[in-house]
Amino acid sequence: MVFVWLFAELTPRWLTEKYPETAAAAASGWSGQTHSFGSARAREAMRLYIHAVVERYGGRPGVRGFNVGVESGFQWIARPDTTNAADRLFDYNAEVVAAFPGWLESRYGSIEALNRAWRDHYRSFDEIQPVRSRFFRAN
């Protein structure tokens, strides 16, 4: 009996080479060959990959199951370009950064609610960018 373990965070080299915009990015701008989980194209490519493996090996008599492992943030452990924790823990892929204001709006509902929670004075969600410093606070 075999259980097939698929690591969704292990990016095929061709993906970020063919589509550089799918690469995860550190706060400093450095990016390697790991895909961003925030990239729609990367998620679709990994979905197709997992589907293809299951289609190919799923009917074999010895295969009893599949385990898909995902460890987001793992990409910075292998080769950090800085000792700054914010650079290694968060993904600053352009698609992720562009979606951040919308995510904040869905979480807080209004700019007034965000300003109360953050004790700040933003005029709109669009002016808020993810923190790129080790001096950040978690809410």
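This is a short tour of a predicted model, moving from its confidence values to a surface patch and then to two buried residues.

Begin by colouring the protein chain by pLDDT, which averages 83, with 81% of the residues scoring at least 70. Select helix H3 (residues 75-78), where confidence is lowest at a mean of 48, and then helix H6 (residues 111-118), where it is highest at 97.

Next, select Trp-5, which has its place in strand E1 (residues 2-7), and add Phe-7 and Leu-10 to the selection; together these three residues form a nonpolar patch on the surface, with about 320 Å² of accessible area.

From there, go to the loop between helix H1 (13-18) and strand E2 (23-25), and pick Thr-22 within this loop. Thr-22 has a relative accessible area of 0%, and is therefore buried. Its side chain reaches the backbone oxygen of Tyr-19 at 2.7 Å. If neighbours within four places in sequence are left aside, the contacts of Thr-22 include Leu-15, Thr-16, His-35, Arg-41 and Asn-93. Show the C-alpha atom of Glu-95 as well: Thr-22 and Glu-95 are 73 residues apart along the chain, yet their C-alpha atoms are separated by 8.5 Å.

Finally, return to helix H6 and select Asn-115, which is found there. Is this residue, Asn-115, buried or exposed? With a relative accessible area of 13%, Asn-115 is buried, because the cut-off for that term is under 20%. A polar atom of the Asn-115 side chain lies 3.4 Å from the backbone nitrogen of His-121, and, not counting residues up to four places away in sequence, Asn-115 touches Asp-120, His-121 and Tyr-122.

Definitions and conventions:
Residues numbered from 1 in each chain as written. Predicted model: local features only at pLDDT ≥ 70, side-chain atom pairs only at ≥ 80, totals over all residues. Heavy atoms only, no water. Patch = residues over 30% accessible without salt bridge, like charges linked within 9 Å, V, L, I, M, F, W, Y side chains within 5 Å. Areas by Shrake-Rupley, 256 points an atom, 1.4 Å probe, with all protein chains shown as cover. Salt bridge = Lys/Arg side-chain N within 4 Å of Asp/Glu carboxyl O. Helix = DSSP H or I, 4+ residues; strand = E, 2+ residues; numbered from the N terminus. Buried < 20%, exposed > 50% of the residue type's maximum accessible area, 1.4 Å probe, protein only. Contact = heavy atoms within 4.5 Å. Polar contact = N/O pair within 3.5 Å; in protein donor to acceptor, adjacent residues only side chain to side chain. pLDDT = per-residue confidence, 0-100.
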